[in-house]
Amino acid sequence: MTTESMPASTPEAEKPTPEGTGTGAAKSPRALARARKRRSVARFWREYRKHPGGLWGLAGLILIALIALFAPVLVGADSQSVTSAPGGALESPSGEFPLGTDQFGRSVLALLVWGARVSLTVGLLAAFLCVAIGTVVGILAGHFRGWYSTVLMRVTDWFLVMPTLVLAIALATVMDRSLWTVIIAIGVTTWPTTARLVRAQTLAVESRPYIERARALGGGHGHIMTRHVLPNVMPLVLAQTTLVISSAILTEATLAFLGLGDPTIVSWGGMLQDAREAGAVSAGDWWYLAPPGIAIALVALAFTLCGRAIETVLNPKLGVAR
């Protein structure tokens with residue numbers, strides 16, 4: 001073969017292409033990070049689906065959330081009105097009122113649907129406030145040592161040994177009777193458990209070698225806490241949030257039952273308080289008492305099932321029992 005018959009090489013043919021790409025264009029770091037997040041979410045969902053209890057809890061929460069979201073469409077916006085109540089006082093269940101009526105003639109089923117909005121709102125916001133306070137305190141107490149950590153943990157221990165319900169009742173008593181008062185009362189009294197869990201996880205994370213390398217490279221306190229510690233404690237925080245929500249809903253129902261909630265807002269705990277004041281207990285009007293109590297128990301159970309499933313997926317050392 002002569003040199004004239006050999007194909008001439010071009011710069012385009014000699015230029016190597018990056019590995020794993022067919023077009024010669026490398027993926028950006030942001031695209032790689034999004035791909036890793038998608039794989040992590042897919043892996044989490046595969047593991048979560050192995051827990052039937054978690055699936056039942058998730059299905060129940062989705063159903064209740066949809067009912068609360070579309071409450072104006074399902075039961076009407078005027079179903080809470082006392083002046084335009086469609087039925088008589090304390091009517092037993094019938095075709096027109098499947099769960100009977102209250103002492104004002106309002107449909108208990110309609111009130112139950114509206115109460116889902118308040119209970120879920122209080123549970124989510126109070127849990128967010130509780131977890132936010134606990135996460136900040138736990139990371140600060142685990143990152144900074146010495147007297148700073150000692151003071152934070154002594155304050156945490158004081159809140160931890162005090163009865164949560166008593167503190168919440170005291171706050172709800174001295175503050176205005178509103179929905180935000182209940183949320184604040186629950187949030188600022190239930191954070192110590194989260195703080196201790198996050199502090200323990202922070203101590204474990206900061207003992208790893210890459211934290212020492214980050215400090216050696218000039219990483220400050222804020223960089224280490226936000227870029228290294230916080231992402232590693234978020235799985236624990238997520239699992240703790242689902243468990244706190246159920247406790248917050250139960251606490252809200254207790255405060256409303258004790259008459260410390262907003263009397264102008266319909267909630268499941270407020271329905272129980274109204275039923276007690278109307279004499280439903282002594283009269284045997286079960287349709288007024290049972291539905292809100294069952295609803296509170298079901299929502300708390302659903303959040304607990306989801307929380308246990310998430311905790312098991314994120315921490316396989318807890319066991320594989322379904």
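The following questions and answers walk through a predicted model of one protein chain.

Biologist: How many helices and how many strands are in the protein chain?
Modeller: Read along the sequence, the pattern is α after α, from one end to the other. The protein chain has zero strands. The number of helices is 14.

Biologist: What share of the residues in the protein chain is buried?
Modeller: Buried means under 20% relative accessible area. The protein chain has 322 residues. The buried share of them is 37%.

Biologist: Among contacts between residues at least 6 apart in sequence, what percentage joins residues at least 24 apart?
Modeller: Contact means heavy atoms within 4.5 Å. Take the contacts in the protein chain between residues at least 6 apart in sequence. The part that joins residues at least 24 apart is 71%.

Biologist: What percentage of the exposed area do carbon and sulfur atoms supply?
Modeller: The protein chain exposes about 18,200 Å². Of that area, carbon and sulfur atoms supply 66%.

Biologist: Which helix gives the largest share of the nonpolar patch?
Modeller: The patch covers about 780 Å² and is made by I62, L63, L66, I67, L69, F70, V73 and L74. Two helices, α3 (52–69) and α4 (71–75), each supply at least two of its residues. The largest share, five residues, comes from α3.

Biologist: Is L69 buried or exposed?
Modeller: L69 is found in helix α3 and is part of the nonpolar patch. Its relative accessible area is 54%. The cut-off for exposed is over 50%. Therefore L69 counts as exposed.

Biologist: How many aromatic pairs does a search of the whole structure find, and what is the geometry of F144 and Y148?
Modeller: The search finds seven aromatic pairs. F144 and Y148 form a pair with 5.5 Å centre to centre and 65° between the planes. Planes over 60 degrees apart count as edge-to-face. So the geometry of F144 and Y148 is edge-to-face.

Biologist: Which residue besides F144 pairs with Y148, and is that residue buried or exposed?
Modeller: The pair is edge-to-face, with 5.9 Å centre to centre and 75° between the planes. Y148 is partly exposed at 33% relative accessibility, and F144 is partly exposed at 25%. The other partner of Y148 is W147. At 65% relative accessibility, W147 is exposed.

Biologist: Which residues form one aromatic cluster?
Modeller: The cluster is built from aromatic side chains. Its members are F44, W45 and Y48.

Biologist: Which residue lies over the face of F257?
Modeller: Here a charge sits over a ring. The distance from the ring centre of F257 is 5.7 Å. The residue over that face is R276.

Biologist: What is the N to O distance in the salt bridge of R106 and D102, and are the two residues buried or exposed?
Modeller: The count of salt bridges comes to six. In one of them the side chains of R106 and D102 meet, N to O, at 2.9 Å. Both R106 and D102 are buried.

Biologist: Which residue is linked with R154 and D157 in a network of salt bridges?
Modeller: R154 and D157 both lie in helix α6 (residues 147–161), three residues apart, about one turn of the helix. Their closest N and O atoms are 2.7 Å apart. R154 is partly exposed at 47% relative accessibility, and D157 is partly exposed at 23%. The residue linked with them in the network is R196.

Biologist: In the salt bridge of R215 and E206, which residue is buried?
Modeller: The closest N and O atoms of R215 and E206 are 3.1 Å apart. R215 has 39% relative accessibility and counts as partly exposed. Relative accessibility is 7% for the other partner, under the 20% cut-off, so the buried residue is E206.

Biologist: Where is T194 found, and which residues is T194 in contact with, leaving aside neighbours within four places in sequence?
Modeller: T194 is found in helix α9 (residues 192–206). T194 is buried, with a relative accessible area of 1%. Leaving aside neighbours within four places in sequence, the contacts of T194 are C130, V131, G134, T135, Q240 and V244.

Note on methods. Residues are numbered from 1 along each chain as its sequence is written. This is a predicted model: local features need pLDDT of at least 70, side-chain atom pairs count only at pLDDT 80 or more; totals for chains, interfaces and linings use all residues. Side-chain values use heavy atoms; hydrogens and water are left out. Patches are made of residues with over 30% relative accessible area and no salt bridge: like charges are joined within 9 Å, nonpolar side chains (Val, Leu, Ile, Met, Phe, Trp, Tyr) within 5 Å. Accessible areas come from the Shrake-Rupley method with a 1.4 Å probe; for residues, only the protein chains shown count as cover. A salt bridge is a side-chain nitrogen of Lys or Arg within 4 Å of a carboxyl oxygen of Asp or Glu. Buried means under 20% relative accessible area, exposed over 50%, partly exposed in between (1.4 Å probe, protein chains only). Rings of Phe, Tyr and Trp (its six-membered ring) pair if their centres lie within 6.5 Å; planes under 30 degrees apart count as stacked, over 60 as edge-to-face and the rest as tilted. A charge sits over a ring if NZ of Lys or CZ of Arg is within 6 Å of the ring centre and within 35 degrees of the ring normal.
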